[in-house]
Amino acid sequence: MRPHTVAVGLLRNLRVPRNRAAAQAAVAADERAIRAIADQHRWRVVTVLGPLDLTPETDKMTDPIEHLLKVVRKRRADAVVVPDRRYLTDLQGHDCLEMVCRACFVVTMSPQQLWACSASVAAVPTRSLP
């Protein structure tokens, strides 16, 4: 067992920003919030995936959930932290919370909620959410 719980954050372009500066400020605020939630649980954030753009190899959109799950497996993450549940939708808009929960725990910030990992036998959180 590792001495700490590993978490990955996920950010996406789900809001329509007024301008580039507002978009950058919103992403920075969401990243700080993800790290704060992880700190509350005493989790170590190994990466925060930023808003996904075009992949250079194919010039096609990368499915954010597929990309997230690859990173979760690669980094052996125990949990994913997202601003809200909408961040866990694929490119077609399908809810993928259950799919992500097969790989790890999920925490949403708004509303603050924890979903257990369906493949896990041990509870990962070091403290419970309100």
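On the other side of helix α1 from its buried residues, Ala21, Arg32 and Asp39 are exposed. Exposed means over 50% relative accessible area, buried under 20%, and partly exposed in between, with a 1.4 Å probe and protein chains only. The model is predicted: local features need pLDDT of at least 70, side-chain atom pairs count only at pLDDT 80 or more, and totals for chains, interfaces and linings use all residues. Residues are numbered from 1 along each chain as its sequence is written, and side-chain values use heavy atoms, with hydrogens and water left out.

The buried residues of α1 are Asp30, Ile34, Ile37, Ala38 and His41. Seen down the axis of α1, they fall within an arc of 100 degrees, so they line one face of the helix. The arc is taken over the directions from the helix axis to the C-beta atoms. An α-helix has 3.6 residues a turn, so residues three or four places apart point the same way. The cover over the buried residues of α1 includes β1, β2, β3, β4 (105–109) and β5 (112–115). Helices (H or I, at least four residues) and strands (E, at least two) are DSSP runs, numbered from the N terminus.

Helix α1 comprises 22 residues (20–41) and should span 32 Å at 1.5 Å a residue; its end C-alpha atoms are 32 Å apart, which agrees. The expected span is 1.5 Å times one less than the number of residues. Asparagine 19 caps the N-terminal end, with a side-chain oxygen 3.0 Å from the backbone nitrogen of alanine 21. After α1 comes arginine 42, with a positive phi near 65 degrees.

Helix α2 has 12 residues (64–75); the expected span is 16 Å, and the end C-alpha atoms are 16 Å apart, in agreement. Pro64, Ile65, Leu68, Leu69, Val71 and Val72 are buried. These residues fall within an arc of 160 degrees and so line one face of α2. Arg73 and Lys74, on the other side, are exposed. Arginine 76, just after α2, takes a positive phi of about 55 degrees.

Aspartate 63 lies in the loop between β2 and α2. Aspartate 63 is buried, at a relative accessible area of 17%. A side-chain oxygen of aspartate 63 lies 3.1 Å from the backbone nitrogen of isoleucine 65, capping the N-terminal end of α2. The aspartate 63 side chain also reaches the backbone nitrogen of leucine 91 at 3.1 Å. Aspartate 63 and leucine 91 are 28 residues apart in sequence, yet 5.7 Å apart in space, C-alpha to C-alpha.

Definitions and conventions
Polar contact = N/O pair within 3.5 Å; in protein donor to acceptor, adjacent residues only side chain to side chain. Contact = heavy atoms within 4.5 Å.
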